[in-house]
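Student: I would like to learn how to read ring pairs and a ligand site. Can we work through one example?

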Amino acid sequence: MKVIIRNTQHEASVWAAHYIVSKMKAKAAETDKPFVLGLATGSTPVETYNELVRMYKAGEVSFKNVITFNMDEYVGLPESHPESYHSFMHKYFFDHVDVPAGNIHILNGNAPDLQKECDEYEKKIAATEGFDLFLGGVGEDGHLAFNEPFSSLVSRTRVMTLTYDTRVVNSRFFDNDVNKVPKQAMSVGVATVLGSKEVLILAFGGKKARAVQMAVEGPYTHYVTLSALQAHPAGTIVADDLAAGEIKVNTYRYFKAIEAAENEK
Ligand code: GLP
């Protein structure tokens, strides 16, 4: 695992966007095959999407040969609801770039058979050559996508019951009314994300400091599903200074030194 630390959320977000584009370009230089990109919602990735959109509008990148799969979606929320992850993705990303509509995949939280929808999602992922990069965030309790504490670390896409804590945290998007937050969501599994060649997790602000500390320095455990990243060959957490605030000073220095050494190469 690597941890990239930047002073501010903005710097970290821009770093992540440029990193994603560099990976897309590296693949395009080698093959015509599409770049398969896993995407996340939440407040965390917004500035990264802003930078990707800026780069697209500046003619620095095209998403025409990109296939996307989103991590999760609420169950029972109409797609048109402003807080559905469908709405979010169109508002912050898809409406502003050239990803072909047919290349966009988001779980349907209103499917008549939810588990069938999840199984078909996994089949669509399997029909690609696999994720090149999965961009994610982390919950305050260390959850990855909607894989709440004690989710199986070998899980695949399925329906999840949200914890009360997560619903309280997400109630800020629902008039601060926890009763308006859906009780269930569909989410890619931990193994779905870890099947990606690379995983890039963004974590910003002091509220994420405990999650980052547990995932980086704590044990590999289903209690903190992001800790599964420890078993991935190319997992990176991109944190701002606040989110890195609970790791040991020596851990902080270690990752700074590794990055400096790699930049010298
Ligand atoms: C939700 C999402 C996660 C996201 C987390 C953090 O639970 N399912 O994918 O990482 O929220 O959200 P935010 O970025 O708003 O802090």
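The dialogue below takes the ligand site, then the aromatic rings.

Tutor: This is a predicted model: local features need pLDDT of at least 70, side-chain atom pairs count only at pLDDT 80 or more, and totals for chains, interfaces and linings use all residues. Residues are numbered from 1 along each chain as its sequence is written, and side-chain values use heavy atoms, with hydrogens and water left out.

Student: How many residues surround the ligand?

Tutor: A residue is near a molecule if one of its heavy atoms lies within 4 Å of it. Here 13 residues surround the ligand, and Ser43, Thr44, His143, Arg172 and Lys208 are the closest.

Student: Which polar contacts does the ligand have with Ser43 and Lys208?

Tutor: A polar contact is a pair of N or O atoms within 3.5 Å. A side-chain N or O atom of Ser43 is 2.7 Å from a ligand oxygen. For the side chain of Lys208, the distance to a ligand oxygen is 2.6 Å. The protein covers 95% of the 390 Å² of accessible area (Shrake-Rupley, 1.4 Å probe) that the ligand has on its own.

Student: How many aromatic pairs are there?

Tutor: Rings of Phe, Tyr and Trp (its six-membered ring) pair if their centres lie within 6.5 Å; planes under 30 degrees apart are stacked, over 60 edge-to-face, the rest tilted. This structure holds 15 pairs. Phe93 and Phe94 have ring centres 5.6 Å apart and planes at 50°, so they are tilted.

Student: Are Phe93 and Phe94 buried or exposed?

Tutor: Both are buried (under 20% relative accessible area; exposed is over 50%, partly exposed in between; 1.4 Å probe, protein chains only).

Technical notes:
A polar contact is a pair of N or O atoms within 3.5 Å; within protein, one must be able to donate a hydrogen and the other to accept it, and residues adjacent in sequence count only if both atoms are side-chain atoms.
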